[in-house]
Amino acid sequence: MSARNALLILFAIMLGGSAAYAQPNHPHSPHDTIRTKDVTVTYGRPYKKGREIFGAAIAPYGKTYRCGADEPTKVTFAKDVLFAGKPVKAGTYSFFAVPEKDKWTIILNSNVTMWGTDHDQHADQDVLKVDVPVEALGSSLEQLTMTANDHAITLAWDKTKVSIPLKM
């Protein structure tokens, strides 16, 4: 093998390895976008896969949860809204929660470029925090599912559901 071919092979190996290394944010779960006339929600949709979710390792009680997989969930309002009764300006926000057994604290944060687990380092950019009640689902939902309409954003997974009222 010539020195030139050896260099080309070495370069190809290094380039391939660095390309794989340079993608730590490559999504591991499917992603979805929900759109209404005035609300857009973009989020990763992890599966339960037999794991305990809320109050366990995935989303421990009292700890900030990214409400999805990979990057933080993002919600965009096309116009000013009341979010659980609190005014929020039109724009895009990252969406987090602090789950508890009977209520969740929902957080909107103005930083939409952080990695999904980095909220606590950017808590000074929180736009608002609101508490919403938890609803128990009758059966387990395998994949995290969010829905949105002009009246609410809802997150449901495993045996838990929370709805955040909206008023346009």
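**Group meeting: a nine-strand sheet and its core**

Let's start with one pair: Thr42 has Lys74 in β3 as its bridge partner. Strands here are DSSP runs of E, at least two residues long, helices are runs of H or I, at least four long, and both are numbered from the N terminus. Two strands pair if DSSP finds at least two bridges between them.

A word on the source. This is a predicted model, where local features need pLDDT of at least 70, side-chain atom pairs count only at pLDDT 80 or more, and totals for chains, interfaces and linings use all residues. Residues are numbered from 1 along each chain as its sequence is written, and side-chain values use heavy atoms, with hydrogens and water left out.

Now the overall layout. The protein chain has one helix and nine strands. The helix comes at the N-terminal end of the order, which reads α-β-β-β-β-β-β-β-β-β.

How are the nine strands arranged? They form an open sheet, in the order β1-β2-β3-β6-β7-β8-β9-β4-β5, with antiparallel pairing. At the edges stand β1 (31-35) and β5 (86-88). Each has a single partner strand, so one side of each is left without a neighbour in the sheet. From one strand to the next, the twist averages 35°. That angle is taken between N-to-C directions, from 0 to 180 degrees, with axes as lines fitted to C-alpha atoms.

Let's walk in from the β1 edge. Five bridges link β1 and β2 in the antiparallel sense. Ile34 has Val41 in β2 as its bridge partner. The two strands make a hairpin, with three residues between them. Next, β2 and β3 run antiparallel, joined by four bridges. Further along the sheet, β4 and β9 also pair antiparallel, over two bridges. There, Leu82 stands opposite Lys167 in β9.

On to the core. A nonpolar core is a set of buried Ala, Val, Leu, Ile, Met, Phe, Trp, Tyr and Cys residues joined through side-chain atoms within 4.5 Å. Buried means under 20% relative accessible area, exposed means over 50%, and partly exposed is in between, with a 1.4 Å probe and protein chains only. The largest such core has 32 residues, and Phe77, Phe83 and Ile153 have the most contacts inside it. Several strands each supply at least two of its residues, among them β3 (73-77), β8 (126-148) and β9 (152-167).

Take Phe77. Contact means heavy atoms within 4.5 Å. Setting aside residues up to four places away in sequence, Phe77 touches Phe83, Tyr93, Leu108, Ile153 and Leu166, among others. Asp38 is also one of the residues it touches.

Is Asp38 buried or exposed? Asp38 counts as buried, at 9% relative accessibility. Asp38 sits in the loop between β1 and β2. Beyond four places in sequence, its contacts include Thr76, Lys79, Asp150 and Met168.

One more polar residue: Ser94, in strand β6. Ser94 is buried, at 0% relative accessible area. A polar atom of its side chain lies 2.9 Å from the backbone oxygen of Asn111. With the same four-place exclusion, Ser94 is in contact with residues including Thr73, Lys74, Leu108 and Val112.

Last, the totals. Of the 168 residues in the protein chain, 36% are buried. Among contacts between residues at least 6 apart in sequence, 54% join residues at least 24 apart.

How values were computed. A polar contact is a pair of N or O atoms within 3.5 Å; within protein, one must be able to donate a hydrogen and the other to accept it, and residues adjacent in sequence count only if both atoms are side-chain atoms.
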